Amino acid sequence: MNYVSTRGKAPVLGFDDVLLAGLARDGGLYVPEAWPAFSPGDMRDFGRLSYPELAVRVMAPFMGGRADGLEAIVAEAYRNFDHADVAPLKELAPGEWLLELFHGPTLAFKDHSLQFMGPLFDRVLGERGERITVIGATSGDTGSAAIEACRDRDSIEIFILHPEGRVSEFQRRQMTTVPSANVHNIAIEGTFDDCQGLVKAMFNDPAFRHRHKLAAFNSINWVRIMAQIVYYFRAATLLGAPDSRVAFAVPTGNFGNVFAAYAAHRMGLPISQLVVGSNRNDILTRFFRTGRMETGAVHPTISPSMDIQVSSNFERLLFELLDRDHARIAALMEGFSDSGGLRVSAGPLARARELFDGKSFDDDQTRATIKAVYEETGRLIDPHTAVGVAAGRALKRDPGSPMVFVATAHAAKFGDAVEAAAGVRPRPPARLDGLMEREERCRVLANDLAKVQGFITGRLAERVAA
Ligand SMILES: *Cc1c(COP(=O)(O)O)cnc(C)c1O
């Protein structure tokens, strides 16, 4: 399988190079040249497979000649999940299901893609005899998921910058207590924006970037979408696909997770409806209402992983809605980056609305949903999941299709917000026992590019010498 950029001006790449490239050189996003498709017969088989077996079946067509050895990579990716079903599906109420995606090491769905990317990077870098340095900034969540994906990997060193004193103790400890020698935490005396500014400046320093082979584990990498397609096939085939249809409600920020559901639909999965839930940052849900996309200020909410104004993966959906017209996408996206706005015409908007609906909920509504679900079912859901549940319940079209709410984080990860809403504190899973006592490793540095670069260069030299 080859991959093309949505904007059409970057080289066509094979699977390994798409993994390493992340963003395309023309500013676009890589997408498969064609969607592989499964027949109803294939999907009837899927219901009989284990989760790792299904993952191999669903992902192999995207990997072409690189699918050999996929069984071992998949086994490695899912061995750190603490539930035998990897992504268990639980009944919430008649016709309503929760797809639990939080059984990985950092308790959020991003582990599904990042745990898979770690071994893939190791394989290709090992074969090519290369090493990379992953550098990232985090306001709390993505840092630990990237660290868990990269820890103990021979070909990767990872440096994560977080703002000192501005991430929760729980989040900080998830990063700083990882005992692996290739993991380096830096606390910056500054804000998250300062951390991001430093990371950007390091990527924009060509000598530094080339010398240390900098890489990012960001949300636009195609391989992250690919690994997320698996659980949509899993849930739908357990609920009767291909012989009946299923609806999904997905709490959405960068549009990666719900785009994976769209991809499953393109591959033949009978999805009746995709409901997009957003918090007050509602750029996406406004798009599905009006066909216009306009950025605005970012509002902090109790579902912080969705506090974004530009949904980077949305370009992949636009590309499909506009019949893969590279030139139009390039023009639209360049206009969007200049003016902060874009609009699509009635035809493509109508096509999007055949499948998608969207609605936004503020923090009070989110808390009310957490409370209502707890009172009805005894289950505690996290604020991101609650946004999806609220949207799915408000917008469900077909009373005959089961509605699957995608549970993107464990309630204990956002314990304060959940306790404030439901009056009960969620219990963290056993794997986190002792987190508060484990030894931390972290270097505090001033918000100073030269100091941070000096520290990274020094650490890398020590690691090569070791
Ligand atoms: C990242 C994240 C989301 C948003 O997912 P996208 O793929 O960016 O749309 C939702 N919930 C949680 C808990 C997240 O970490």
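Start by selecting Gly253 and the ligand: a backbone N or O atom of Gly253 lies 2.8 Å from an oxygen atom of the ligand. Keep in mind that you're looking at a predicted model.

Next, add Lys110. One of its polar side-chain atoms sits 2.5 Å from an oxygen atom of the ligand. Then bring in Ser305, where a polar side-chain atom is 3.5 Å from a ligand oxygen atom. How much of the ligand's accessible area does the protein cover? Out of the 380 Å² that the ligand has on its own, 96% is covered.

Now show the whole shell. You should have 14 residues around the ligand, and the closest are Lys110, Gly253, Asn254, Asn257 and Thr408. Try colouring the shell by class: five of its residues are nonpolar, eight are polar and one is charged.

**On to the cavity**

Leave Gly253 selected, since this residue also helps line the largest cavity. To see the rest of that lining, pick Thr252, Ser278, Asn281, Asp282, Ile283, Leu284, Met306, Ile308 and Ser311. The space inside comes to about 40 Å³, and the structure has one cavity of 30 Å³ or more. Rolling a probe the size of a water molecule over the atoms is what shows where empty space is left. Colour this lining by class too, and you get four nonpolar, five polar and one charged.

**A stop at Asn281**

Zoom in on Asn281, one of the residues in that lining. You'll find Asn281 in the loop that runs between strand E10 (271-278) and helix H12 (283-290). Is Asn281 buried or exposed? Asn281 counts as buried because its relative accessible area is 3%, and the cut-off for buried is under 20%.

Show the side chain of Asn281 and look for two partners. At His299, the backbone nitrogen is 2.8 Å from a polar atom of the Asn281 side chain. At Asp307, the link is between side chains: a polar contact of 3.2 Å joins Asp307 to Asn281.

**Last stop: a pocket**

Finally, move to the second largest pocket, which holds about 350 Å³ of space. Its lining has 20 residues, so to speak a crowd; select Pro105, Glu148, Arg151, Val178 and Arg431, the closest to the pocket's centre. Which elements give two or more residues to this lining? They are helix H6 (141-150) and helix H7 (169-176). One more round of colouring by class shows six nonpolar, five polar and nine charged residues lining the second largest pocket.

Terms used:
Residues are numbered from 1 along each chain as its sequence is written. This is a predicted model: local features need pLDDT of at least 70, side-chain atom pairs count only at pLDDT 80 or more; totals for chains, interfaces and linings use all residues. Side-chain values use heavy atoms; hydrogens and water are left out. A residue is near a molecule or strand if one of its heavy atoms lies within 4 Å of it. A polar contact is a pair of N or O atoms within 3.5 Å; within protein, one must be able to donate a hydrogen and the other to accept it, and residues adjacent in sequence count only if both atoms are side-chain atoms. Accessible areas come from the Shrake-Rupley method with a 1.4 Å probe; for residues, only the protein chains shown count as cover. Ala, Val, Leu, Ile, Met, Phe, Trp, Tyr, Cys and Pro count as nonpolar, Asp, Glu, Lys and Arg as charged, and the others, Gly among them, as polar. On a 1 Å grid over the protein atoms alone, a cavity is a set of points where a 1.4 Å probe fits but cannot get out, and a pocket is an open set with protein on both sides within 12 Å along at least five of seven lines; lining residues have an atom within 4 Å of a point. Grid points are joined across faces, edges and corners, and a volume is the space filled by probe spheres set on the points. Helices (H or I, at least four residues) and strands (E, at least two) are DSSP runs, numbered from the N terminus. Buried means under 20% relative accessible area, exposed over 50%, partly exposed in between (1.4 Å probe, protein chains only).
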